Every structure is written in C-alpha cells, then in structure tokens.
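Me: I am new to this structure and would like a close look at one part of it, the aromatic rings and how they pair. Please take me through it slowly.

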Amino acid sequence: MKVVTGTLMVCLMVMVWITVGASSSSQHTESLVFIIVDAENSMPNAHNLAASLSSQAAQLDVPVVIYSTSREWPDGGSWTYFPMLDRLNSKHGSSKSWMVFVGKHTKVKMANLLQVLSTKESSQLVFMGRGLQDQEETIIHHFARVDPKQPFLYPDVRAGMVLSGALITRLAKKWAGSKIKAATEINIDASYEFGSFVKSAGIELTTDSAFCVKDEDHCAILYSPPTNCGKAADVSKIHFAIKSWQQNHNKRLPILYGTWLKQITNYAIYSDVEDSSYGTVSLGVPNTEQGHCGKTMAIIRHAAQMEGIHWLFIADDDTLLSTEALSELLACHDHTQPVALGERYGYAAALPHGYDYITGGGGMVFSKPLVGWP
C-alpha cells in the first residue's frame with residue numbers, strides 16, 4: 001500500500017559533481033552520498049532536506065549525490081537498509097564515497113560532518129553513528145543476550161549513520177550470501193538488525209557525539225522532528241475500537257474505563273459476546289487462539305459505514321493510550337487521504353516476496369478513505 005498525500009512530483013535524485021577548488025582540503029575529493037530514508041507521504045520533507053544539502057554542498061564546494069528512497073526505490077524494503085546495499089555498491093562502492101543515511105526529520109550541518117570525516121578515509125571500513133545499547137533482553141530484539149561487560153552498540157538512526165564506500169562493498173558481498181536466511185525472517189527494529197548484520201561482518205559501530213538528538217554546536221547530523229503540526233485532530237472524529245474477549249472483561253476493561261476511556265466518547269469495545277456490564281459489542285466473530293484478523297476486518301467493515309469520522313483507531317484491551325498525544329500526532333497527517341499509522345513490522349521485507357504490516361499491540365490508525373477502500 002502506498003500513501004499519497006499530494007500531487008507534488010519532484011525528482012529528489014540530485015547529482016552535483018563539483019570540481020574541488022585549490023583552497024579546499026584534500027578530503028573534499030571524497031563525495032558524500034546522502035540517502036534520505038523516507039515514505040512517499042513525507043516527500044515534501046525529503047524535498048526540503050535535499051534542497052538544503054544541495055545548497056550547503058555548493059557553498060562548501062563538495063561533490064554530493066542525494067537519493068530519496070521513496071522516489072528512487074519505491075518497491076519497498078528500503079527501511080531495512082538491506083536492499084540498498086547492492087544498489088549503492090554498484091553505483092558508489094568503487095568510488096571514494098561516504099554513504100550518509102538520514103531520515104525525513106533530519107538536519108545536516110555539512111561543514112561539521114566534513115570535519116568528523118576528515119580523520120577517516122572512505123577506503124577504510126568505517127561505521128559511525130550515535131550508539132544505543134540494550135539494558136536487558138527484549139522481544140523486539142528477538143531476546144538476544146545482553147552482556148553488560150561487552151555491550152553491543154547499534155546506531156540510533158534518527159541521528160543518521162555513516163558508512164564508508166569500502167564497508168558498503170563488504171556488506172553487499174555478505175548480503176548476497178544471506179538472502180536465503182532473510183527470506184523467512186521477521187523485521188522489527190531495522191537499526192538493531194542492520195547493526196547486528198554489520199557486526200557479523202566484523203565491524204563495530206564507532207560512536208561520535210556529532211550524531212545528535214539534541215541540538216548543540218558540534219552536531220553534524222541532528223534529529224529534528226516537528227514540534228507542532230497545527231491544530232490537533234478532533235478527538236470526537238476518531239472512532240476508538242478496542243478488541244477484547246469475554247475472558248478479559250473483568251480483568252482488563254475496568255483498567256481502560258479508569259484511564260483513557262474516561263477522556264473520550266466515540267468508542268466501542270468489540271468482543272466475542274455482548275456483555276451489558278461493560279457495554280461490549282459483538283460483530284459475530286468468535287475468539288481464536290491464532291489469527292485475529294477476522295475481528296479486525298469486521299471492525300474495519302463496521303467503521304466503513306460510520307458517518308462523520310475522520311480516523312479509526314484499533315487497540316487491544318491491554319493498550320494504554322494518551323488521546324491528547326494521538327490527536328497531536330494526527331494533526332501531522334491528512335485524514336482525506338488513505339493513511340495507515342502504527343509500528344511497522346516486516347516479513348522478509350528486504351526481499352521481493354516480502355511485505356510490511358502494522359503490529360497491533362501499540363495500536364493502529366486508519367484514515368476514513370482507507371477504511372472504506374474497495
């Protein structure tokens with residue numbers, strides 16, 4: 001599914017090969033290849049970032065190439081980084097290049113980035129970013145063992161990451177031999193999984209304070225999400241659908257009624273039975289131990305007939321929610337377009353037969369046009 005929020009069609013692949021002047025230092029002969037990892041509905045943000053990068057490159061007399069994944073590789077899977085390895089290696093692996101991965105809400109101070117890279121060479125095996133580490137085993141990291149004495153550092157991709165051309169070449173070769181295993185893997189946390197893959201190739205992440213989530217003078221790449229997208233979405237225009245079943249009514253529903261359900265009126269609790277004690281609604285779908293798509297699809301079909309709603313929010317009966325934060329988030333999205341929001345998982349997402357999906361534990365949001373999609 002592709003989400004389109006406008007008709008603006010801009011080519012974000014910008015190639016600016018500028019001859020370095022005599023006054024420039026020698027490291028500037030290495031080109032910077034920026035990869036903006038974005039979604040199709042974030043194209044305006046990616047376009048603004050690309051324009052900023054091109055402007056800075058011209059001022060600094062630095063050769064740059066700029067890709068936007070939604071434009072260059074719209075076939076999916078780019079969010080896992082793996083499908084880009086072959087593509088980047090074929091174009092830039094043999095050249096003196098740095099691959100700089102950034103997101104749609106990223107600001108780049110190119111002069112500072114050049115300073116960071118001035119002590120490195122793209123012919124070396126370099127992997128740089130803002131390091132994260134787990135404090136305990138976690139489900140989203142497949143319960144991988146955590147060793148406090150030898151912590152595994154993986155990149156905080158919000159703050160960007162940099163790979164040398166030489167490393168891209170090594171990883172592309174390794175990826176060619178890893179596709180059989182990847183064909184049955186679940187993709188959850190791309191930064192962790194990609195970092196693990198790089199480590200398996202013998203390279204550790206080098207952390208640097210220039211990769212930032214808080215703006216400081218020394219930052220080279222900064223995560224800078226929007227703080228205000230305008231007027232918050234009208235909560236009364238959001239239909240909140242809570243999935244439950246009879247064995248959970250007494251245990252979980254009182255918690256919901258005592259917390260976030262007190263803040264809203266446009267909701268229903270969809271269960272396998274109608275329970276007057278909690279006002280549950282049955283759509284005729286029995287509870288099952290495996291596969292809960294039946295109830296979800298029944299809710300979607302039911303909501304498609306509702307008048308006056310802009311959004312459908314589907315949650316489990318053990319989901320806690322800030323309705324205020326949700327309404328502020330939805331202000332950043334257009335309810336008149338087909339939009340799906342949630343935590344993205346993937347099944348073999350890096351390969352052609354793979355696909356993405358929203359995991360339901362953290363909630364799922366669908367715009368009314370998408371709910372009513374034929």
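How many aromatic pairs does the structure hold?

Reply: In this predicted model, the structure holds 18 aromatic pairs. One of them is formed by W175 and F197, whose rings are edge-to-face, with 6.2 Å from centre to centre and 85° between the planes. This pair links distant parts of the chain, since W175 belongs to helix 5 (residues 165-176) and F197 to helix 7 (residues 190-200), 22 residues apart. W175 has a relative accessibility of 4% and therefore counts as buried, and F197, at 9% relative accessibility, counts as buried too.

Another pair is made by Y345 and Y357, where the ring centres are 5.9 Å apart and the planes stand at 65°, so that this pair is also edge-to-face. Here again distant parts of the chain are linked, with Y345 in strand 18 (residues 340-347) and Y357 in strand 19, 12 residues apart. The two tyrosines are not equally covered: Y345 is buried, with a relative accessible area of 14%, whereas Y357, at 32% relative accessibility, counts as partly exposed.

Beyond single pairs, there is also a cluster to look for, in which ring pairs link Y81, F82, F101, F127, W175, F194 and F197. W175 and F197, the edge-to-face pair described at the start, are thus both members of this cluster.

To place the strand that carries Y357, it helps to follow its pairing. Strand 19, which covers residues 355-367, pairs with strand 17 in the antiparallel sense over 4 bridges, and within this pairing L312 has F366 of strand 19 as its bridge partner. Strand 17 (residues 311-316) has 5 of its 6 residues buried, so it is largely enclosed by the rest of the structure. Strand 17 also pairs with strand 14 (residues 238-243), in this case in the parallel sense and over 6 bridges, and there I238 stands opposite W311 of strand 17.

One further link can be traced from these strands. C229 and C332 form a disulfide, with their sulfur atoms 1.9 Å apart. Because C229 lies in the loop between strand 13 (221-223) and strand 14, and C332 in the loop between helix 10 (323-330) and strand 18, this disulfide ties together parts that are 103 residues apart in sequence. Strand 18, next to the loop of C332, is the strand in which Y345 was found.

Note on methods:
Residues numbered from 1 in each chain as written. Predicted model: local features only at pLDDT ≥ 70, side-chain atom pairs only at ≥ 80, totals over all residues. Heavy atoms only, no water. Buried < 20%, exposed > 50% of the residue type's maximum accessible area, 1.4 Å probe, protein only. Helix = DSSP H or I, 4+ residues; strand = E, 2+ residues; numbered from the N terminus. Pairing = 2+ DSSP bridges. Phe/Tyr/Trp six-rings, centres within 6.5 Å; stacked < 30°, edge-to-face > 60°. Disulfide = S-S within 2.5 Å.
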